[in-house]
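Grab a coffee and open the structure viewer. Below are a few exercises, each followed by a worked solution.

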Amino acid sequence: MSNFNPQLTLAPSPLPTEPNGAPRGFLTLRAKFSLFVSLVIVLACSSLSGYLIQQEAEVMKAALLKTGTILVKTLNNVSVNRLIIQDTHYLETMLDGALSAPEVVYAIARDPDGHVLVGKSKGKLVNTTKLTRDETQPLFPDDSLTEGLITPTSQNFIIEPILTVLHTSPLKKGLLSDRSAERKGAEGFRIGSETIYDFALPVYRQDRRLSTMELLLSENLQDRLTVSPKPSGIIGIIQIGISTAHMQQSLNQTVWHIGLLTVGIILVGILLTILLANRIVTPLQRLVEASQKIAEGDLAVTVTADTQDEVGQLTTSIDRMARALQQREEAISHYVHTITKQVTQLSTLHQTGIVITSTLDVQKLFSTVLKLLRKNLGFQRMILILQDPGSTKCMISDVSGVPPDLEPQIRDLEFPIMPGSIDETLLIHGRPVLAYDLDEIAHQLSPLLLPICRQMEVISFVCAPLLSHQRVLGYLGADRGNQRCTQEDLDLLLTIASHVAVAIDNAQNYEEVEKLAQTLEERVKERTQDLQSANERLQELDRLKSSFVSIVSHELRTPMTSIKGLVENMLDGLVGDLNDRQSFYLERMKYNIERLTRMINDLLDLSRIEAGRMDLHRSAVNLGSLVREVVETLQPMAQERSLILEAHISPPIGFIQGDRDKLIQIFTNLINNALKFTESSGTVTVEVKQREDGMLQTCVIDNGCGIPLEEQQTVFERFYRGQSSEMKSRGAGLGLAITKSLVELHGGSIWVESTPGEGSRFCVILPVTTSTPIS
């Protein structure tokens, strides 16, 4: 298995750099720009200079050849007659005139056989710089150059001058072609460093002489000179030699001047390139240096834009970026400092909370909290002073950071709360204190504390009251030694003081609870015995009450039944005729006897329910049919009160398993109450429907007086009679209580919805038996 650590990453080592910041072994941008532009300038200037020199050389050569051509044509034209008579004197004068031209090196007049009649030469070139010649060393061409010009011709012919040019090396002839025929010309040869172009033109005998103007107009050697009649034969040859020395000297001067101009242009271009590169690269180099400093963390660097171009804009942007980064760095440093301080405070609060929850020993709590606060919050000394409840004195409960020899003198020191003192501000008024200078508030300190503060060299301190449940328990004081305290220190101490106050309050309460707990068990035992005895007595009384109610109800039912029977006999006339007054009294007696009988039955039902002796004889009951039966039974009562009683059954209605008699009692009570609390011409409606959850819901709805909201929660309690209903309508307060109990025995529930003045709605839901048929 390898020991590779996935958290370890290797960063590439930085390349070595030059003093200007460029990587070692790499060209800088200035060097690249200067070399590139300089190379472009050198290539451009060199190419242009070479082209100009080549063009100048071709122009000079063309001019030289043109001069030789014109000269040889002119000599040919003026020497026709003189060659016939071979007038050497005239020919010498003519050739001397030709040699007066600086380019002409030699001039020769030959006879028809090619022999030299007259030859003139300036001599061999001895100084190429001054172009001086030595006449003692005459320079003439070889006779073989003109051999090709001596050919037999007819009487009529075309003059075809031949120009043979001898190039530097090797010696060769060049033939110039015309539009109509091929022609031979003069030849050239090279002697030393001098190139000589030889122009040879044969002279023909003519029937009609060509005018000098016609010869001069033929400037192009390749133009055909057509005369009529044709020449009759060669009478001689005119031959001259044209040197390129003067042309070469002029060309050298031209090359030298163009070269100097080219070098000057190149140097100026390179200088301008370097200046331009410096103007472009120097700001960039400053930007690089500034960027390196920014990358190294020096955000105070400043770069100034010297231009308004793109580099200047980039410089301005980087300067703004540096300023923004510096501001952001300062903001981050501030935030980090604030967050660090807040984390320290939160950590201190957390540790304080742990100490508070870990112990309830007051002294241990004081000592631990003070040491913890002094260590984490940077205070040099801290003091805890508690107020003596019920008196005007306070006591130093604990200290931290004081010299060991002073701690016994300070701890448990008591002193009074003097009017106008800092102690009064803290302990009586509950306001914090920031003492920036001890000397300024020395008169407000206790005479017992002032010497101790001066002995410990306290110069500034902060105090925060310990408030818990709007009660001042004491105050917490701290100082920073040689540093003066600030509002921030006070705010921090106030935050801590609230937690310390809660801890002290809890610890003191715990001590009081411990003291109370010592006697609480005995009191609890005594109270438990008293409650147990009272409970036994109450159970006995409840049993006696239930037995009394049962016995009294049973004993009352028999005489009440007898009385009711006698009253009914009297009303039926068994004892004789009764007058109206007697009948009225007997009717009232019968009504009250029936009412007492119902109350006795309700009491018996209630006692059975409370005793758990109410048995249900369950069977399958069609709730829709049962409700119709109850409604029909109570129709006479409704008609007697001029009320409308109707039933709305929404099929299908399922069967329920219940006690038929108890179900009749439930709905009789509900409908009876609705009839009783509904005014004449009102309506009582009984709705029966099957809900989506499978329960059967039966609601008794009236438009009577309604039930107030505060009474709707108590109408199902025993012996409760509505306060908002008329006295004559109030019963014993057992009907709804018994109804609710019977509904709950069937596994259902009952509730009321009512609005005063608009009516009430009593609803009962009962579970459906799934095995019963649906009707």
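**Exercise 1: the hairpin**

S15 and S16 form a hairpin with four residues between them, and His469 in that turn has a positive phi of about 55°. The model is a predicted one: local features need pLDDT of at least 70, side-chain atom pairs count only at pLDDT 80 or more, and totals for chains, interfaces and linings use all residues. Residues are numbered from 1 along each chain as its sequence is written, and side-chain values use heavy atoms, with hydrogens and water left out.

Task: work out how many bridges join S15 to S16, and which residue in S16 is the bridge partner of Leu466.

Solution. Start with the elements: strands are DSSP runs of E with at least two residues, helices are runs of H or I with at least four, and both are numbered from the N terminus. Two strands pair if DSSP finds at least two bridges between them. Strand S15 covers residues 461-467 and strand S16 covers residues 472-479; they run antiparallel, and six bridges join them. Now go to single residues: Leu466 has Gly474 as its bridge partner, while Pro465 stands opposite Tyr475.

**Exercise 2: the whole sheet**

Task: find the order of the six strands in the open sheet, and say which are the edge strands.

Solution. Step one, look at the other side of S16: six bridges join S11 to S16, again antiparallel. There, Leu386 stands opposite Gly474. Step two, read the full order, which is S13-S12-S11-S16-S15-S14, with antiparallel pairing. Step three, pick out the edges: S13 (414-416) and S14 (433-435) each pair on one side only. The twist averages 25° from one strand to the next, with axes taken as lines fitted to C-alpha atoms (for helices, over the stretch in contact) and angles running from 0 to 180 degrees between N-to-C directions.

Last step: is S16 enclosed or open? Eight of its eight residues are buried, so S16 is largely enclosed by the rest of the structure. Here buried means under 20% relative accessible area, exposed means over 50%, and partly exposed is in between (1.4 Å probe, protein chains only).

**Exercise 3: the largest cavity**

Task: say which elements each supply at least two residues of the lining of the largest cavity.

Solution. A cavity is a set of points on a 1 Å grid over the protein atoms alone where a 1.4 Å probe fits but cannot get out, and lining residues have an atom within 4 Å of a point. The largest cavity has a volume of about 320 Å³. Among its 22 lining residues, the closest to the centre are Ile383, Cys453, Met456, Phe461 and Gly477. The elements you want are S11 (381-387), S12 (393-400), helix H9 (422-428), helix H10 (450-455), S15 and S16.

**Exercise 4: a salt-bridge network**

Task: explain why the pair Arg411 and Asp398 ties together parts of the structure.

Solution. A salt bridge is a side-chain nitrogen of Lys or Arg within 4 Å of a carboxyl oxygen of Asp or Glu. Arg411 and Asp398 meet in one at 2.7 Å, N to O. Arg411 lies in the loop between helix H8 (407-410) and S13, and Asp398 lies in S12, so the pair links parts that are 13 residues apart in sequence. Next, check burial: Asp398 is buried at 2%, whereas Arg411 is partly exposed at 28% relative accessibility. Finally, Arg411 also forms a salt bridge with Glu407, the closest N and O atoms being 2.3 Å apart.

Key. 1 Å grid on protein atoms, 1.4 Å probe; cavity = no way out; pocket = protein on both sides within 12 Å on 5 of 7 lines; lining within 4 Å. Points joined across faces, edges and corners; volume = space filled by probe spheres on them.
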